[in-house]
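Subject: A structure for you to look at

Hi there,

Here is the structure I promised to pass on to you. Have a look around first, and then read on for what turned up in it.

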Amino acid sequence: AYGRALENLTESDHEHIALAAHGRGLMRFRLGRQEDAIKDFRLARQHAHARADAEREADILLDEATVLDWTMDYDQSASLVMAAAALPL
């Protein structure tokens, strides 16, 4: 359903793209599709940032960091956690 939602959204609909990409990323992570989940989280993060939604961006950063922990990319994971902590919430 998230994929269908993304197909029907315009590029300028930052809020809904961020929501749908984040949701699809969570589902893909739960299915063990870490690389695809990371791509979705990055897309969601870009749109949350474009909308200046720091709270959503922080949530996405932390979810992406969790996926990176599972892929044993601890350095990148730590940098995302620090980036989330630095956001003005």
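Is Arg-51 buried, exposed or partly exposed, judging by its relative accessible area? Arg-51 is partly exposed, with a value of 39%. Please keep in mind as you read that this is a predicted model.

**Salt bridges**

Let me stay with Arg-51 for a moment. Its side chain forms a salt bridge with that of Asp-53, with N and O 3.5 Å apart. Asp-53 also has a salt bridge with Arg-56, and there the N to O distance is 3.2 Å. These partners do not have equal access to the surroundings: Asp-53 is buried, at 17% relative accessibility, while Arg-56 is partly exposed at 21%. The cut-off explains the wording, because buried means under 20% relative accessible area. Through shared partners, the salt bridges link Glu-15, Arg-51, Asp-53 and Arg-56 in one network.

If you are wondering why such pairs turn up, side chains of opposite charge can pair when their charged atoms come close.

Another pair to find is Arg-4 and Glu-7, whose closest N and O atoms are 3.4 Å apart in a salt bridge. Both residues sit in helix H1 (residues 2-7), and because they are 3 residues apart there, about one helical turn separates them. Arg-4 counts as exposed, with 58% relative accessibility, and Glu-7 counts as exposed too, with 56%. In total, the structure holds 9 salt bridges.

**How the helices pack**

Next, turn to helix H2 (residues 14-30) and its partner H3. Their axes are 8 Å apart, and the helices pack at an angle of about 160 degrees. H2 and H3 are therefore roughly antiparallel to each other, and the crossing is left-handed. On the H2 side the contact includes Ile-17, Ala-18, Ala-21 and Phe-29, and on the H3 side it includes Ala-37, Phe-41, Leu-43 and Ala-44. Sorted by class, the residues of this contact are 11 nonpolar, 5 polar and 4 charged.

Helix H3 (residues 34-50) also packs with helix H4 (residues 54-70): their axes come within 9 Å and cross at roughly 160 degrees. That angle makes H3 roughly antiparallel to H4, because angles over 145 degrees count as roughly antiparallel. This crossing is left-handed. Among the residues in the contact are Ala-37, Ile-38, Phe-41 and Ala-48 of H3, together with Ile-60, Leu-61, Val-67 and Leu-68 of H4. Arg-56, which you met in the salt-bridge network, takes part in this contact from the H4 side. Here the classes come to 10 nonpolar, 2 polar and 6 charged residues.

**One residue to zoom in on**

Which residues does Leu-43 touch, leaving out those up to four places away in sequence? The answer is Ile-17 and Ala-21, and both of these belong to the H2 side of the contact with H3. Leu-43 itself lies in helix H3 and is partly exposed, with a relative accessible area of 28%. Val-67 makes a useful reference point in H4: its C-alpha atom is 15 Å from that of Leu-43, and the two residues are 24 residues apart along the chain.

A good way to start is to find Asp-53 and trace its salt bridges to Arg-51 and Arg-56. After that, you could follow H3 and look at its contacts with H2 and H4.

Happy exploring!

Definitions and conventions
Residues are numbered from 1 along each chain as its sequence is written. This is a predicted model: local features need pLDDT of at least 70, side-chain atom pairs count only at pLDDT 80 or more; totals for chains, interfaces and linings use all residues. Side-chain values use heavy atoms; hydrogens and water are left out. A salt bridge is a side-chain nitrogen of Lys or Arg within 4 Å of a carboxyl oxygen of Asp or Glu. Helices (H or I, at least four residues) and strands (E, at least two) are DSSP runs, numbered from the N terminus. Buried means under 20% relative accessible area, exposed over 50%, partly exposed in between (1.4 Å probe, protein chains only). Axes are lines fitted to C-alpha atoms, for helices over the stretch in contact, and angles run from 0 to 180 degrees between N-to-C directions. Angles under 35 degrees count as roughly parallel, over 145 as roughly antiparallel, 65 to 115 as roughly perpendicular and the rest as oblique. A crossing is left-handed if the near helix is turned anticlockwise from the far one by less than a right angle, and right-handed if clockwise. Contact means heavy atoms within 4.5 Å. Ala, Val, Leu, Ile, Met, Phe, Trp, Tyr, Cys and Pro count as nonpolar, Asp, Glu, Lys and Arg as charged, and the others, Gly among them, as polar.
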